[in-house]
Amino acid sequence: MKYNFEEIEKRWQDKWEREKSFAVADDADSPRYYALEMFPYPSGRIHMGHVRNYSIGDVIARFKRMKGFSVLHPMGWDAFGLPAENAAIKHGIHPAAWTMDNIDYMRKQLRRLGLSYDWDREIATCHPDYYRHEQLFFIQMLKKGLAYRKRTKVNWCESCHTVLANEQVEEGCCWRCDNEVQAREIDGWFFRITDYAEELLEGCDTLSGWPEKVLVMQRNWIGKSEGAEIVFDVKDRDGLSITVFTTRPDTLMGATFMSISPEHPVAMELAEGTGQEDEVKAFIDKFKREKARKEYGDTEKEGVFSGSYAVHPVTGDVIPIYLANFVLMEYGTGAVMAVPAHDQRDFEFASRYNLPVKLVIKPDADVDGFDVNNLEAAWEGTGHLVNSGEFDGLFNEKAKKEITAWLEKQGRGRSRVTYRLRDWGISRQRFWGAPIPVVHCEKCGVVPVREGDLPVVLPVDAVPDSAGRSPLPQLESFWRTRCPSCGGDARRETDTMDTFVESSWYFARYICPRDDKPLDKEKVDRWLPVDQYIGGIEHAILHLLYSRFFTRALRDLGWLSADEPFKNLLTQGMVLKDGSKMSKSKGNVVDPSDMIKAYGADTVRLFILFAAPPERDLEWSDKGVEGAHRFLQRLWRTVTENREHIVSASPFDSGMHSQLPDDLKKLRMKTHSTISRVTKDIDKRFHFNTAISAIMELMNEVGAVLKGAVPEGEEAPVLDDTAWSVVREALEHTLIMLNPIVPHITEELWHILGHEDDLWAVEWPEADAVAMKSDTVKIVVQVNGKVRANIMVDAGADQEAAQAAALDDANVKRHLEGKQIRKVIYVPGRLLNIVAG
């Protein structure tokens, strides 16, 4: 029988689709498990990164089904976004047509991989039946104060003709097109994610199933800082003051200048009438051009004197105010008191601009290189206060509280907690997105659309112009409407929502994808949070943080009960070729369809799961693919060439294990130790590569038994019924363990062996503890601490028996020749050390 993978895979895929094999009932009595991979953007074709992501998820979903769980494993499409618009412009086709054509093509590709999805739950976020619910959420968030509109400085990408959230700016460039981002003032819509900053931060501590590097990234992005706000008056500017935020109020007496952001609202006002106007304006303009929203350490520290001075709130000293490029309006108040003796950044700035340095915290012990009269670097450690008036002698941690309390009494400051996190700007000036469901009325202002009038449908007769600008502001048939409140003329909002809004709740919609209401709380509470979520590390902040916020918002709106969307997270590595990420520009792309056509889906799945642990990058190897295919061919031949003997053999009676000859005991031990290892590797560690390696080793043991049973001059093995029963057990368990990884060939071979039930629904095996227990154990023999032999002894051998076996070993004898044994150290079942001299 030939291994015709194309025919086999198509037959099983058709059967699964016809019988809806992987559809899951919401009211199933068995324990539930929700397995989910991040859904794809329908770009046109799946790539090897998709194959890896979805193969990992499919192994987990299939394994859990075999372990007795009702598994929810859905698939859908993150269908709004810029690529569809750009393709529409390039090819002269409507974004909707381009998107739906791609979905049809990619769905066929995913089916060809044999992924066990419940396709009845498929969703596409560009469909009005999806985004009408999102529009309802927006209206409810607007009424609750979680959505609002304001004029603000935003990140503008001229290439994409749209606003970007802070999280979508990477090193000063657009996350999608990599063009430089500009600052621009514009009216826009925001979600008040900052209301959940503390809860999102605390929630990180509950996510024990997430990679620590993702949690670190989220904690850093939320950026909690505890400190004080302190008010400094501006000298000779009646009524003008500047509030700074500091995490080190204990160093207040050491402030020798102030640094403010070039974007601070009083930046130019401070320069007026001082003669510094031109220099300050030039610095502000330069900052705007070069603004990159980087971490402080990523840019050279530069500044300019504003021309004005601040008055120290305690000492009354006058200190200069500088504009500094490392101070951001997005953090704190956009102004900081500079203490160069105790902040290295301020120290470097003071050194560059020849500003004074005043020590106010002295370390308690001698510190190498520390000279109170000649500081070579800032002292950022602990100590007791000096040069601080009434606060002298206080330990600096205690001084933080006492100085803050003093400021509060004087009305010059207060304790404050700040966050780096800023509200999520969701307005996009592009066409292909969900319309924001509000109207603008001259009489009533901003008015939400009536819930009964949802959805506000994106018009299918509109297309972006050649420059990518949205047609909605010029499309009168779309924007002209009536005010839901007064009935007068009104203009519909023409911004669309950020596409990350759609992906922030899709995992909940899968649970009730055809319901008329957005979410069925009872159903959703049965399934959420997702038990295992799988996707790339590049989504650590954007998608994952937004989803955590949106889940909490929906909870507070009464739609669900979960606090977190995803209980466990696996971030898989990239697929590389020739050491680089696959890309068309590098000419190193491997098309999954070509590989499936040449080798079959099972081979592609096997290679992609075997080549590396899922969290690490995977280097593509044509030889590795060929090796995976050879293994499947060997599995096929082993089963089909011995089919008659295997089918006719009786199922092995485990009670007969002790009566087996050694070679068959060894095979049964290998079978059941493999079951134990593979179960742990898949269920606990997701180390599919080592699970596959263990199964390959088991196949080698089966091959050795069969080869050893071939009489001289014959081709087929000759075994008795008991031996064939042990071989049957090994091969059938091999098929079961391989089924989540290579489902098509294993289903085919399972039925070739005479089984009528589908393999995917067979119960996962339990390892036989008796079979795994060896009659003999390997003992390491040392002579004077150096390994000289490995010997096999009975599992219960005492020291006398182990020593006799060791002394019978030729190499041990050689190293003891002419020596007297002085001492023997024996660790039963592990080690025998002979001390001789």
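Helices, in this description, are DSSP runs of at least four residues, numbered from the N terminus. With that convention, the structure above, which is a predicted model, can be explored through its charged side chains and its cysteines.

A suitable starting point is helix H1, which spans residues 5-19. Lys15 and Glu19 both belong to helix H1 and stand four residues apart, about one turn of the helix. Their side chains meet in a salt bridge, with 2.9 Å from N to O. Side chains of opposite charge can pair when their charged atoms come close. The two partners may also be described by their accessibility. Lys15 has a relative accessibility of 17% and therefore counts as buried, since buried means under 20%. Glu19 has a relative accessible area of 43% and is partly exposed.

A second pair is formed by Arg121 and Asp118, whose side chains meet in a salt bridge of 2.9 Å, N to O. Here Arg121 is buried, and Asp118 is buried as well.

A third pair joins Arg412 to Asp233 through a salt bridge, in which the closest N and O atoms are 3.2 Å apart. Arg412 lies in the loop between helix H11 (396-410) and strand E16 (413-419), whereas Asp233 lies in strand E8 (residues 224-234), so this pair ties together parts that are 179 residues apart in sequence. Asp233 itself is partly exposed, at a relative accessible area of 34%.

Salt bridges may also be linked to one another. Which residues are linked in a network of salt bridges? The network consists of Glu199, Arg548, Arg552, Arg555, Asp556, Asp563 and Glu564. For the structure as a whole, the count comes to 64 salt bridges.

The cysteines offer another topic. A disulfide is a covalent bond between the sulfur atoms of two cysteines. How many disulfides does the structure hold? The number is zero. Cys173 illustrates this: the nearest cysteine sulfur belongs to Cys177 and is 8.2 Å away, and Cys173 is in no disulfide. Because the sulfur atoms of a disulfide must be within 2.5 Å, a separation of 8.2 Å does not meet the cut-off. Cys173 counts as buried, at 18% relative accessibility.

Cys444 is likewise in no disulfide; the nearest cysteine sulfur, that of Cys486, is 3.7 Å away. This distance, too, is not within 2.5 Å, and therefore the two cysteines are not counted as a disulfide. Cys444 has 30% relative accessibility and counts as partly exposed.

Note on methods:
Residues are numbered from 1 along each chain as its sequence is written. This is a predicted model: local features need pLDDT of at least 70, side-chain atom pairs count only at pLDDT 80 or more; totals for chains, interfaces and linings use all residues. Side-chain values use heavy atoms; hydrogens and water are left out. Buried means under 20% relative accessible area, exposed over 50%, partly exposed in between (1.4 Å probe, protein chains only). A salt bridge is a side-chain nitrogen of Lys or Arg within 4 Å of a carboxyl oxygen of Asp or Glu. Helices (H or I, at least four residues) and strands (E, at least two) are DSSP runs, numbered from the N terminus.
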